[in-house]
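Please read this report with the sequence and the model side by side, and look up each residue as it is mentioned. The text moves from the chain as a whole to its interior, and then out to its surface and loops.

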Amino acid sequence: MEIFGFGDGDVSDHPYCHCCMLLHLGLAFQLPQTILQIKDSDRVFTNYCVYKGKASLSMYPVLPKVSRLDSGGLKVDCRGVMMLTFSPAIGEQKCDWEKKQFFALSLVEMGSLTSLGPGGGCEFFHDPSMKTSNTGQVRKILSVKPVEGGSYFLSLSIVNNKLQTNDRLSVPITAAKFAAMKTTCSTIF
């Protein structure tokens, strides 16, 4: 069995769970661990998590969901994403999971992330209610900015016009951890 490890700790649920099979296990610090196994396969994926003073970042794949057509072909029902989960810290390696925020990187966005050269940065904009009557109510911006020494800051800004809130969660990522994230994005899908 191949096991692709992403770290130690994760959130216990997410809104895209209908697109994949998840099994949650409790770990040290009472932080749940997400493990994803592809149906009829020996490949298993777990999450990658970075804990810092003010927030944590968790990253795990949500694999595409496909169904078989009567003709024998396959149809993509749900595209795969790399789910990023930001949670504010409430103590050392403790996060407020009730206030977690999600950002689903598409395949093209993962390509932008993995193609970053030294000192390069990028920004992604999501409107979770796009193409509905609630367009513009919530805006999410993921910013990847380089800092000295090859490290990066990953920041998620959430503007909720309906609740009139403006939240920002930032996690510093070392060069080695950022390289691990890029490698994960390039090998999963």
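Strands, in this report, are DSSP runs of at least two residues in state E, numbered from the N terminus. By that definition Phe125 has its place in strand β12, which covers residues 122-126. The model in which this strand appears is a predicted one, and the values below are computed from it.

## The chain as a whole

The protein chain has 15 strands and two helices. Of its 189 residues, 42% are buried. Among the contacts in the chain with a separation of 6 or more, 48% are between residues that are 24 or more positions apart. The accessible surface of the protein chain comes to about 10600 Å², and carbon and sulfur atoms hold 54% of that area.

## The interior

Which residues have the most contacts inside the largest nonpolar core? They are Phe86, Leu105 and Leu154, in a core that has 31 residues. There is also a second, separate core of six residues, including Tyr60, Met83, Phe102 and Ala104.

Leu105 can be followed further, since its contacts are listed without counting residues up to four places away in sequence: Leu105 touches Val81, Met82, Leu84, Met110, Leu113, Phe124 and Leu142. The C-alpha atom of Leu105 is also separated by 9.0 Å from that of Gly80, although the two residues are 25 residues apart along the chain. Gly80 itself is found in the loop between β8 and β9, and it counts as buried because its relative accessible area is 15%, where the cut-off for buried is under 20%.

Ser56 belongs to strand β6, made of residues 55-62, and with a relative accessibility of 1% Ser56 is buried as well. When residues up to four places away in sequence are left out, Ser56 touches Val50, Tyr51, Thr85, Phe86, Ser87, Cys95, Trp97 and Val171. One of these, Phe86, is also among the residues with the most contacts inside the largest nonpolar core.

## An aromatic pair

A pair of aromatic rings is described by the distance of the centres and the angle of the planes. A search of the whole structure finds one such pair. The ring centres of Tyr152 and Phe178 are 3.9 Å apart and the planes stand at 25°, so this pair is stacked. The partners come from distant parts of the chain, 26 residues apart, with Tyr152 in strand β14 (residues 152-160) and Phe178 in helix α2 (residues 175-188). Are these two residues buried or exposed? Both Tyr152 and Phe178 are buried.

## Charged pairs and a nonpolar patch

The count of salt bridges comes to two, and the table sets out the residues and the N to O distance for each of them.

| Lysine | Aspartate | N to O distance |
|---|---|---|
| Lys75 | Asp77 | 3.9 Å |
| Lys99 | Asp96 | 4.0 Å |

In the salt bridge of Lys75 with Asp77, Lys75 is partly exposed at a relative accessible area of 44%, and Asp77 is partly exposed at 39%. In the other salt bridge, Asp96 counts as buried at 18% relative accessibility, whereas Lys99 counts as exposed at 54%.

A nonpolar patch on the surface is formed by Val66, Leu74 and Val76, which together have about 270 Å² of accessible area. Leu74 has its place in strand β8, residues 74-78, and is exposed, with a relative accessible area of 54%.

## Back to strand β12, and two loops

Phe125, the residue in strand β12, is partly exposed, with a relative accessible area of 44%. Leaving aside neighbours within four places in sequence, Phe125 is in contact with Arg139, Lys140 and Ile141. The C-alpha atoms of Phe125 and Leu156 are separated by 9.9 Å, while along the chain the two are 31 residues apart.

Where does Lys131 lie? Lys131 has its place in the loop between β12 and β13, where it has a positive phi of about 70° although it is not a glycine, and it is exposed, with a relative accessible area of 80%. Gln164, in the loop between β14 and β15, also has a positive phi, of about 55°, without being a glycine, and Gln164 is exposed at a relative accessible area of 72%.

Methods: Residues numbered from 1 in each chain as written. Predicted model: local features only at pLDDT ≥ 70, side-chain atom pairs only at ≥ 80, totals over all residues. Heavy atoms only, no water. Helix = DSSP H or I, 4+ residues; strand = E, 2+ residues; numbered from the N terminus. Buried < 20%, exposed > 50% of the residue type's maximum accessible area, 1.4 Å probe, protein only. Contact = heavy atoms within 4.5 Å. Areas by Shrake-Rupley, 256 points an atom, 1.4 Å probe, with all protein chains shown as cover. Patch = residues over 30% accessible without salt bridge, like charges linked within 9 Å, V, L, I, M, F, W, Y side chains within 5 Å. Salt bridge = Lys/Arg side-chain N within 4 Å of Asp/Glu carboxyl O. Core = buried A, V, L, I, M, F, W, Y, C linked by side-chain atoms within 4.5 Å. Phe/Tyr/Trp six-rings, centres within 6.5 Å; stacked < 30°, edge-to-face > 60°.
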